[in-house]
Amino acid sequence: MTLPPVLISEADIDARVQELGAEISADYADKDSIVLVGVLKGAFIFLADLSRRLTVPRTIEFIAVSSYGKGSRSTGAVRLDLDVRGNIENRHVLIVEDIVDTGHTLNYLIGILKSHRPASIRTATLLHKTEAAEVDVHIDYVGFGIGSEWVVGYGLDFAERDRTLPYIGIVQPGDG
Ligand code: PRP
């Protein structure tokens, strides 16, 4: 079995996550604490690494969503599978995503989390498919902008494969 070719190396991810951690810590330096909301499943590795690069006090929550029919994402239909368990009212929320593609998922998540009446909501994603946007959603922190290629690793999967690759790789035609 051949490994997917490297798009973003482990070292480059580590360096960028360190930079994001410093930027986010500086931006929230005057806050008592923040709550990181990781979006399952893909964000679990980015969340783990980013959270350990922060200096601002933080707690962790998870949320899970599914989008109907990956082949027909343009419908934008997103379903909530698991809401946050902790009370995030009046907290400063940072949504942590692995990738923003069409933007439908993040747009939906912002709506769900707003209903919990947090003090503020910002968004962070490791990867942003810059040409794939179907909805205009604001992203505060972006690790890397990428093209339209399908990517795996560092939390991202292709039919549940390659999630735990330590780097971001490109899915080859014929894979799967
Ligand atoms: C991915 C990713 C985002 C969403 C982005 O999740 O983690 O949540 O797709 O796509 P969008 O911008 O087009 O809405 P996925 O549905 O692959 O689930 P997973 O994280 O559980 O693998």
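The buried residues of helix H1 are covered by parts of the chain that include strand E1 (6-8), H2, strand E5 (92-100), strand E6 (120-129), strand E7 (141-146) and E9. The model is predicted. The points below take up helix H1, a nonpolar surface patch, a cis peptide bond, and two residues with positive phi.

**Helix H1**
- Helix H1 covers residues 10-27.
- The helix has 18 residues, and the distance from its first C-alpha to its last is 26 Å. This is close to the 26 Å expected at 1.5 Å a residue.
- The buried residues of H1 are Ile13, Arg16, Val17, Leu20, Gly21, Ile24 and Ser25.
- Asp12 also lies in H1. Its relative accessibility is 45%, so Asp12 counts as partly exposed; the partly exposed class runs between 20% and 50%.
- Asp12 and Ile170 are 158 residues apart along the chain, and their C-alpha atoms are separated by 15 Å.

**A nonpolar patch on the surface**
- Five side chains are named in this patch: Leu40, Phe44, Ile60, Phe62 and Leu82.
- Together these residues have about 370 Å² of accessible area.
- Phe62 sits in strand E3, which spans residues 58-67.
- Phe62 counts as partly exposed because its relative accessibility is 33%. Membership of a patch requires over 30% relative accessible area.

**A cis peptide bond**
- The peptide bond that runs from Leu40 to Lys41 is cis, and its omega is near -5°.
- Lys41 belongs to the loop between strand E2 (34-40) and helix H2 (44-51).
- Leu40, on the other side of this bond, is also one of the residues in the nonpolar patch.
- Helix H2, which follows the loop, is among the elements that cover the buried residues of H1.

**Positive phi in the loop between E8 and E9**
- Ala159 has a phi near 50°, a positive value in a residue other than glycine.
- Ala159 is found in the loop between strand E8 (151-152) and strand E9 (168-170).
- With a relative accessible area of 66%, Ala159 is exposed, because the exposed class begins over 50%.
- Asp162 is not a glycine either, and its phi is positive at about 65°.
- The loop between E8 and E9 holds Asp162 as well.
- Strand E9, at the end of this loop, is another of the elements covering the buried residues of H1.

Methods:
Residues numbered from 1 in each chain as written. Predicted model: local features only at pLDDT ≥ 70, side-chain atom pairs only at ≥ 80, totals over all residues. Heavy atoms only, no water. Patch = residues over 30% accessible without salt bridge, like charges linked within 9 Å, V, L, I, M, F, W, Y side chains within 5 Å. Areas by Shrake-Rupley, 256 points an atom, 1.4 Å probe, with all protein chains shown as cover. Salt bridge = Lys/Arg side-chain N within 4 Å of Asp/Glu carboxyl O. Helix = DSSP H or I, 4+ residues; strand = E, 2+ residues; numbered from the N terminus. Buried < 20%, exposed > 50% of the residue type's maximum accessible area, 1.4 Å probe, protein only. Expected span 1.5 Å × (residues − 1). Contact = heavy atoms within 4.5 Å.
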